[in-house]
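Let us walk through the aromatic side chains of this protein. Keep the model at hand and follow the rings.

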Amino acid sequence: KLTSVTSFKQHGRVPKGLCLRYFDDLIEETKDWLEMPAAFDPKFRKNMYEFCPEVVIPKTTVEECVVTVTTKDLQKMIAGELFRNDDQGNLIGCAEATIGGQKIGGLTARSKLVAGGKIRQSYWQHGGSRASVWLTSPMHGRTDAPVEDAGPRHQPGEEDLKSLKVEDVASALKAGDTLVLRKGVAYVDLFEQGKLAPLSSFASHWWGEPTLEMHASLRKHAKYVHPSDPGEVCYYICTFSNSQHLLDLGGSDWRQSPFRNGLDHIAGLHEKTRDSMHSMVMLFDQNCNTLKRMWCIFELWVAAQRDIPLHLFSTEGQLSRQASSQVEKIVLEQIGNLDLADAACSNADDRIMIDKAIKESEGGFDAVFAKLRLLVMDKLSFIGSLAVSIDPFTRQQLQDVPLDFKIFSREEHSVVPERMTSRELVKQMCSPSIGHKRILLVGDAGSGKTCFSRELTREGVRLAKEDGTAALPVRVPLAELAKLVQETEQGEESASNLLDRWTGQVFQGDADLLKDRSLLLILDGFDEAGGR
C-alpha cells in the first residue's frame, strides 16, 4: 500500500517511522542476499552499508538521469553553472541546468557509472527495464519518462564521486565519464504506517552490524514492548525514515534534525502514557560497536536528556541485570574501558557538530561520557545502578581512602582506636561471617564519607560476584526513605516494608534480585533524613 510523499524538509515535523511488519517483508525478500559475505569484510554478512545503496535506493527512486559529461560541461561545473550544494552538502543540479540536452534540475549527483563499478551491479543488469525495481508511483512524483539503457556494456556498476563539493566536482570527473543523477523518497513514504503512526519507538544501531542480526534484535524488542502485535511497532530507523537520495539531517543545527524531532515526540508520548513501547532501543553486537559510533552516543545523550526509557537488546534478547548472556558479559567488560571520545564518525562535519553540542553541555565531554557509561551499566549491573566504579565527573577510578575510626564495644564500653584502609574495612564488612555488626561513620563535610560509601559498595559487589554467600551492598539515601515515610498515611511502618517499597521504586522489576540475599545496608545522609 502506497502513501503520498511528504516534504523532504523535516524541520519541526515528526519524522515517519517504519512498521516492523514492512521491515519483516523486506528481510524475507532479500534474505538470501543478506546471508552473503559483506564486501568490506567477508567474515561478516551484509549490513546497512550495503543494504542502503543496493536495496533501499533503487526501490525508492522517482527519477533517474544518466548523462555523458563533455569538456564544455566540465567548464560549466567549474563556473558553478550546473550544480549547487545545499546546507547538508548534497550536490544538486541547478534549476535550469542541462547536460547532454537532459534536464538535471533538482536531481542529486553522487556517483558515476563505470565498467566494473562495485555499487548496484545487479541493478544495472536490468538495463532499460531497471525502473521495474522502483516501488514509487505518480503520487511520489514519478513520471512515465523512459529510462535509458546507457553507460558501459561490460559489468556496469556505480562508483562514488571523490568529492561532492561544487568547487571540486569537475576535478572528480573527466570528459566522457557517465554521471548518474537521481531523485527519490524515504522508504517509509512507500507504505501506510499503521495504528501507531507516525512513530512509537527509536532504534539506535551501528550500520556495520549484519542486517539480519539487527532485524532479529529489533523483532525481540517489538515482542517485548508490544507482544499483542509486534509488527505494528513503528520505529525510527535512519535508513528508512530519511530519504537516502537527498539527506536532510537538520543542517548546522542538530536541534532541527529529524532524529531530534523523533526523540522529542517519543518523550512526549512516554510522559503521557508511561508505555514502555515509547522508548529508545539500542542494539548491540558482540563487539559493543554501538558505543564506538559517535552518532549512537549522541542519540543516547539526547534521549537521556529527555528522560526517554532505554532498552538494550541483542540477538539473544534483552540485556538486563536479570539476563545472563554472552553479549551482556562482553558489554560489561568493555564499557568500563571504552573512551567514548574516540568514537568513530564517518562524516567529518557531523563530528564537528556533535563535538560542539557536547562541549557546550554541563560538564563537557567528561561529564557526559561518564554519565552515559553509567546509564548503560545501570541496565546490566548493580555496579552501574549504585554508581560506584568511577567518579561520574572525573571518570577516575575511586581509590582507597585511609580512615581513622573508632570501634565502640557496647559490652565493655571501651574504645579501641585502630587505623586501616577503606579496602581492609570493606573486606571485613562484606565478609559472610560479619554477623550483625554495625559501623557508624562520622566526619566533617569533604572528609570522604561519600567516597568511602562508594568504595564500600563497589568492593562489596565484586566480592558478592566471587562468593554468592557474601553480603550484597545496597546504598540507601535516607532522605528518600524519609520521603516515603511522609507519603505514608499512618506515618509509621516497619523498616522491612519501608525498604521493600524503596527498592521497588528504585530497582523496579530488579528488586526481586535482593530477596533472599544477605544485604549490607549503607545508610547515607543521616543529616538529610530529618526527624523521620
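**Rings and their partners**

Start with a charge and a ring. Arg21 lies over the face of Tyr22, 4.7 Å from the ring centre. The model is a predicted one.

Tyr22 also belongs to a cluster. Ring pairs link it with Phe23, Trp33, Phe51, Tyr187, Phe191 and Phe240.

Now widen the view. The structure holds 16 aromatic pairs. Take Phe23 and Phe240, two members of that cluster. Their ring centres are 5.1 Å apart. Their planes meet at 65°, so this pair is edge-to-face; the cut-off for that label is over 60 degrees. Where do Phe23 and Phe240 lie? Phe23 is in helix H1, which covers residues 20-34. Phe240 is in helix H7, residues 238-241. The pair therefore ties together parts that are 217 residues apart in sequence. Phe23 is buried, and Phe240 is buried too.

Next, turn to Phe202 and Tyr236. Here the ring centres are 4.8 Å apart. The planes are at 10°, so the pair is stacked; planes under 30 degrees apart earn that name. Phe202 sits in strand S10, residues 201-204. Tyr236 sits in strand S11, residues 234-236. This contact therefore ties together parts that are 34 residues apart in sequence.

Are Phe202 and Tyr236 buried or exposed? Phe202 has a relative accessible area of 0%, so it is buried. Tyr236 has 2% and is buried as well. The cut-off for buried is under 20%.

How values were computed: Residues numbered from 1 in each chain as written. Predicted model: local features only at pLDDT ≥ 70, side-chain atom pairs only at ≥ 80, totals over all residues. Heavy atoms only, no water. Phe/Tyr/Trp six-rings, centres within 6.5 Å; stacked < 30°, edge-to-face > 60°. Helix = DSSP H or I, 4+ residues; strand = E, 2+ residues; numbered from the N terminus. Buried < 20%, exposed > 50% of the residue type's maximum accessible area, 1.4 Å probe, protein only. Lys NZ or Arg CZ within 6 Å of the ring centre and 35° of its normal.
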